[in-house]
Amino acid sequence: MPVPKIKHDWYQTETHVIVTILAKNVENMKVVYGESTLSVSAQLPSSNEYSLELDLANFIVEDQCTYKVMPSKIEIKLKKRDDIRWTTLEGNPVLSKVKPIPTEILQAGKEASKYPSSCKKSKDWNKVEKEIERQEAAEETMGEAAVNALFQKIYGNGSDEVRRAMNKSFIESGGTVLSTNWGEVGNKTVERKPPDGMEWKTWDS
């Protein structure tokens, strides 16, 4: 009499892989665990011998594996050697093994970056960098204010020709030139002179 085909399935938890064999009322159950193998044999009610040989996809802890025979099935509980999620039950453990990310690296990623220092009290370089950026922004704002104040002083204290020269050069150049010399800009159109590396474009271009 041919041996009936018996299905088996599996699922996993964080620490174990559970293999379920849908064989009913078996006797003389024998299970052999290897580092990455599982061998099962039993006698079926029909007196036929059932056997299952698996090359596991990952390693197990042999002396911490157990099995349980129930009226409707066999349940084999395999202890994982590594705390990883199995993507398949069978395969090559060397090729399929995925190493977990070390806890130290995960914790380090959550902390602020700190550079090594010879000082006993370490510095938080993220805070230092932010403070430098704040100071640079303040200096830039003060610099612009000082330049504007200087131009206003020149315009306020200058002659009519100086004011006309400043107005004409600023307007005709699109804000790229500011001249106080009316003799230089009075008789010609002031050309636009954008900063080096930049190109002047009109709004509709």
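Two strands count as paired if DSSP finds at least two bridges between them. The model is predicted.

**Exercise 1. The open sheet**

Give the strand order of the four-stranded open sheet, then find its edges.

*Solution.*
Step 1. The order is S1-S2-S7-S6, and the pairing is antiparallel.
Step 2. Look for strands with a single partner: these are S1 (8-12) and S6 (66-69). They stand at the edges, so one side of each has no neighbour in the sheet.
Step 3. Add the twist. Neighbouring strands here are turned by 15° against each other on average, direction ignored.
Step 4. Take the edge strand S6. S6 pairs with S7 (residues 74-79) in the antiparallel sense, over four bridges. Within S7, Ile76 is the residue that stands opposite Tyr67.

**Exercise 2. A hairpin and its faces**

Describe how S4 and S5 are joined, then sort the side chains of S5 by face.

*Solution.*
Step 1. S4 (residues 37-43) pairs with S5 in the antiparallel sense over seven bridges. Ala42 stands opposite Tyr50 of S5.
Step 2. The two strands form a hairpin, with five residues between them. In the turn, Ser47 has a positive phi of about 75°.
Step 3. Recall the rule: in a regular strand, side chains alternate between the two faces of the sheet.
Step 4. Apply it to S5 (residues 49-55). Tyr50, Leu52 and Leu54 point to one face and are buried. Glu49, Ser51, Glu53 and Asp55 point to the other face and are not buried.

**Exercise 3. Leu52**

Show why Leu52 counts as buried, and list what it touches beyond its sequence neighbours.

*Solution.*
Step 1. Leu52 lies in strand S5.
Step 2. The cut-off for buried is under 20% relative accessible area. Leu52 has 10% relative accessibility, so it counts as buried.
Step 3. Not counting residues up to four places away in sequence, Leu52 touches His8, Ile21, Leu38, Ser39 and Val40.
Step 4. Check His8. Leu52 and His8 are 44 residues apart in sequence, and their C-alpha atoms are 9.3 Å apart in space.

**Exercise 4. A buried lysine**

Locate Lys80, and decide what its side chain makes a polar contact with.

*Solution.*
Step 1. Lys80 sits in the loop between S7 and helix H1 (93-96).
Step 2. Test for a salt bridge, which needs a distance within 4 Å. The nearest side chain of opposite charge, Asp83, is 7.3 Å away. Lys80 is buried yet has no salt bridge.
Step 3. Look for a polar contact. The side chain of Lys80 makes one with the side chain of Gln12, at 2.8 Å.
Step 4. Widen the view. Leaving aside neighbours within four places in sequence, the contacts of Lys80 include Thr13, His16, Phe59, Val61 and Trp86.

Notes. Residues are numbered from 1 along each chain as its sequence is written. This is a predicted model: local features need pLDDT of at least 70, side-chain atom pairs count only at pLDDT 80 or more; totals for chains, interfaces and linings use all residues. Side-chain values use heavy atoms; hydrogens and water are left out. Axes are lines fitted to C-alpha atoms, for helices over the stretch in contact, and angles run from 0 to 180 degrees between N-to-C directions. Buried means under 20% relative accessible area, exposed over 50%, partly exposed in between (1.4 Å probe, protein chains only). Lys and Arg count as positive and Asp and Glu as negative; His and the chain ends are not counted. A polar contact is a pair of N or O atoms within 3.5 Å; within protein, one must be able to donate a hydrogen and the other to accept it, and residues adjacent in sequence count only if both atoms are side-chain atoms. Contact means heavy atoms within 4.5 Å.
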